[in-house]
Each structure stands twice: as structure tokens, then as C-alpha cells.
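Open the model in your viewer and keep the selection box at hand. We will go from one stop to the next, with a selection to make at each.

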Amino acid sequence: MPDSIEGLLNNPGLSPQHQQIAAKILQNERITFEEGVFLYEYGELPYLGMLANYIREKRHGDKTFFNRNFHIEPTNLCVYDCKFCSYSRLLKQRSEGWEYTMDEMFDIVKKYDNQPVTEVHIVGGVLPQYDVPFYVELFQRIRNHRPDLHIKALTPVEYHYIFKKAKISYAEGMKLMMEAGLQSIPGGGAEIFHPKVRELIAKDKCTADQWLAIHEEWHKLGGKSNATMLYGHIEKFWHRVDHMERLRQLQDKTGGFQTFIPLKFRNQDNQMSNVPESTVIEDLRNYAIARIYLDNFDHIKAYWAMISRNTAQLSLNFGVDDIDGTLDDTTKIYSMAGAEEKHPGMSTKELVELIKQVGREPIERDTLYNVVTNYQDYQFEEDVKPKFYKLPVLN
Ligand code: SF4
């Protein structure tokens, strides 16, 4: 394998199709749906990595983003029954679940008073008591208490449910949420858009069109959001490309997406435990193809808590430029699905070291990717203090 993307173009060992795709990337041209499928079927890891890293470095150089955030998960009970979900407890298993009250959620926010976190990420199961008035009040309370904390909350799965119950349109609902203090929407609930797969794994909750329509309404109001894809279960490669194609089309229309986040299917403790998980090689191939295909998305994110710290480091050479946040052990979504991290939380120093160890430049960002601190030449207080004292020399 040549050591540059230009070298790929004249490599006799590569097929004309591989060369043609490399030429497109070099000329900043978009690849087609068929070429996306071709990459999944015939793209080997070194080839994909070279293309994806070329795009990543052209956009961001070595910059690698993370933020300081915490999660609130209002409940792990849910009216839906997604087959891949290790998190939710159906209503009949209510004893195994939690349902935070408004005050309990607000107490979690107050715990971070005087701490330099920039974002609260709120997402969880769907229950009738968490309705439009509830979330309007919660967002207002957080906004009034701490105006500098960015509220990123709820997915179209929740919004579709609560707006339907309140008998209001998506446009009316999103406007209400924005007025209450919502600032951006996370990427969850997308799973796989194609109806054949969605019907089998996530029946009953919002459809692909509804998911996309809610993001579109939010973008029309000037809001930003993210998008995910749950991969590595029963879907075929072309379903993944179909998923990304729908996102690429909406992004052409609105420009409101910031980040694409591939989510690895984990098989612990859910109704799809018989389905094997994808390999690390497939995970890296998938990040790389996402970086190549989604030419109108600025960022590709890997959740370090989901894929492990080592794979997160590796992913930075396969198109990923963001490894999420400090988390502070405030989410159970990954650990309950079988992720290696049982109590996910990293100090800023640990995150910075993780990024520096693989030669990248650590940048703390806020939710909208404004730079909070560039840690490239930053010295942490504990590094300045001497770790040992010189012993006197005895003659
Ligand atoms: S994935 Fe979300 S919507 Fe589906 S059961 Fe789990 S918590 Fe509910």
C-alpha cells in the first residue's frame, strides 16, 4: 500500500474502481451510493484509512475534539420495546427501573455548580409523565439556574411521542422547546432508517421520515443537531449506505447537522443477544466509510465509552476527529449494553493524554465546536509540581 493518497492512483495492485474513488477524494468530489456499497464490500482497512485520514486532516489537521459534559437519564423505563435495547426495562419490570422526578433531575444539575462543564446531555426512555409541560419546565429551570450550560436534549423518539400526545405539530413543538431553553438535539433514535430493518429492531417508535422531519424543523429554527447510526447487527451494507444517504440529502437541504456518530451494536442483555458483535476492524472500516461518504458533515465522532479507550485512539486515524466528553460516570447506556467501560468517566487530563499519546492535538470544545481550550502545550497543575525530591548526595 503506498504511503500517500496520490500513490493510490498509480498503484497497479488496486482495481480501477478503487483508483477512481481515490481520485474523487483527491479532487474533493462526492462518491455515489454504489461507490459507498463498493467500499463496504471491497474496501480494505489500509485503503479506507488512507482516504478517511486524508479527509480528516484536510478538514481538521490533528485537532481532536472533546467536551466536558454530564448526562441526565430521566428513566430507564420505556413504552417501546426495541430489540437491541439493553437499557430499557419494560413497564412490567418497573421494579428494576428508575424514574427521576423534576427535583431529582435538577439536583443532578446543581451537583455541577462551580464545575467547568459546558453541556448537559439529557436522554432516556419514553414514559407518559415526561410530557411537553414537564420538559418545558425542566429546560426553563436549568436555563435560569445556569445560563452558561448548553442544554442538548431528547431525540425525535421522545419528541414525536410527546408532541403527538400534546396534539401539536413538530414545528410548534420544536419552537416551544427552543423558547424553553433547548439548544441542540443529540443524534439518537436513528438506528437504521430503512423500514425493513427498522420494523424488525425498533417497531412502533418514530419512523425514519419522522426522525428526519423533526431534525429538519429544528434546523429551520436555526438549531444544530447530531445524527447516529446503529450498525453491526442484522442490517446489510447497503442499508448503512441508505441511512447515510438520507442524512446527506437532509444536510444538503439544511446544513444543520454537526456530527455523525456510528454506534456499535452491543449484544449484552437484550433480545438480540444471539447476534454477534462487529469486529474492531469492521468498526474502523465503518468510521472510515462514514468519513468518506458524508462529505457535508463536519465531524465524525467515536464514543470512547462505547468502543473502549484503545479503539477510540485508533479511530483517530480512520476519520474520527471527536471522542465525546468526560461523562463523569453519569450514563448507563453503554455499560448496560456490554461496553468495556462500566463506570465511564475520564478527567480532562486523562482525555488530553489519550489524544496526545497518538500524536493528535487535544481541543476542548463547547457543544457548537467553539474552542474552549487548546491543550497542546497546556501544563496541568499536577505536572508543574515536582513528583519527587532530590536526595542529598552522601560522600
Ligand atoms: S432504544 Fe430507546 S426507545 Fe427503544 S426501548 Fe430503548 S429506551 Fe426505549
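The tour below moves through annotated sites, strands and two unusual backbone positions. Keep in mind that this is a predicted model.

**Stop 1: Phe84 and Glu191**

Select Phe84 and Glu191. An unreviewed UniProt entry annotates both as "binding site". Why do they gather at one spot? They span 108 residues in sequence, yet no two of their C-alpha atoms are more than 9.7 Å apart, so the chain brings them together at one spot.

Centre on Phe84. Its place is the loop between strand S2 (69-72) and helix H5 (102-111). Is Phe84 buried or exposed? Phe84 has 22 other C-beta atoms within 10 Å; the cut-off for buried is 20 or more, so Phe84 is buried. Now show its contacts, leaving aside neighbours within four places in sequence. You should pick up Ile201, Leu230, His233, Phe265, Asn270 and Met272.

Move to Glu191. Glu191 sits in the loop between strand S5 (184-185) and helix H9 (195-201). Glu191 is buried too, with 26 other C-beta atoms within 10 Å. With neighbours within four places in sequence again left aside, Glu191 is in contact with Arg198, Ile201, Ala202 and Leu230. Ile201 and Leu230 thus appear in the contact lists of both Phe84 and Glu191.

**Stop 2: the three cysteines and the ligand**

Select Cys78, Cys82 and Cys85. The unreviewed UniProt entry gives these three the annotation "binding site".

Start with Cys82. Cys82 is found in the loop between S2 and H5. Cys82 has 22 C-beta neighbours inside 10 Å and counts as buried. Beyond residues up to four places away in sequence, Cys82 touches Ile201, Ala202 and Lys205. Ile201 was also a contact of Phe84.

Step to Cys85. Cys85 lies in the loop between S2 and H5. With 24 other C-beta atoms within 10 Å, Cys85 is buried.

Now show the ligand. Which residues surround the ligand? Select Cys78, Tyr80, Asp81, Cys82, Cys85, Tyr87, Ser88, Gly125, Val126, Val157 and Lys205. Colour this shell by class: seven residues are nonpolar, two are polar and two are charged. The three annotated cysteines are part of the shell, and so is Lys205.

**Stop 3: strand S6**

Select residues 224-231, which make up strand S6. Seven of its eight residues are buried, so S6 is largely enclosed by the rest of the structure.

Look at the partners of S6. S5 and S6 pair in the parallel sense over two bridges. To find the place, select Ile185, which stands opposite Ser225 in S6. S6 also pairs with strand S7 (residues 257-264), again in the parallel sense, over seven bridges. Here pick Leu230, whose bridge partner in S7 is Leu263. Leu230 is the residue you met as a contact of Phe84 and of Glu191.

**Stop 4: an open sheet**

Show strands S9, S1, S10 and S11. These four form an open sheet in the order S9-S1-S10-S11, with mixed pairing. Which strands stand at the edges? They are S9 (322-325) and S11 (371-374), each with a single partner strand, so one side of each is left without a neighbour in the sheet. On average, neighbouring strands here are turned by 30° against each other, direction ignored.

Zoom in on S10 (residues 361-365). S10 pairs with S11 in the antiparallel sense over three bridges. Glu364 stands opposite Thr373 in S11.

Add helix H15 (residues 348-357). H15 packs on the sheet and touches strand S1 (63-67) and S10. The direction of H15 makes about 140° with that of S10.

**Stop 5: two positive phi angles**

Most residues other than glycine have a negative phi. Two residues are worth a look here.

Select Asp269. Asp269 is not a glycine, yet its phi is positive, about 60°. Asp269 is in the loop between S7 and helix H12 (280-293). Asp269 is exposed, with 12 other C-beta atoms within 10 Å.

Finish at Tyr369. Tyr369 has a positive phi of about 70°, although it is not a glycine. Find Tyr369 in the loop between S10 and S11. With 15 C-beta neighbours inside 10 Å, Tyr369 counts as partly exposed.

Methods: Residues are numbered from 1 along each chain as its sequence is written. This is a predicted model: local features need pLDDT of at least 70, side-chain atom pairs count only at pLDDT 80 or more; totals for chains, interfaces and linings use all residues. UniProt positions are given in the numbering used here, feature names are shortened, and annotations may be inferred rather than shown by experiment. Two residues are in contact if their C-beta atoms, placed from the backbone, lie within 7 Å. Two strands pair if DSSP finds at least two bridges between them. Axes are lines fitted to C-alpha atoms, for helices over the stretch in contact, and angles run from 0 to 180 degrees between N-to-C directions. A residue is near a molecule or strand if its C-beta atom, placed from the backbone, lies within 6 Å of it. Ala, Val, Leu, Ile, Met, Phe, Trp, Tyr, Cys and Pro count as nonpolar, Asp, Glu, Lys and Arg as charged, and the others, Gly among them, as polar.
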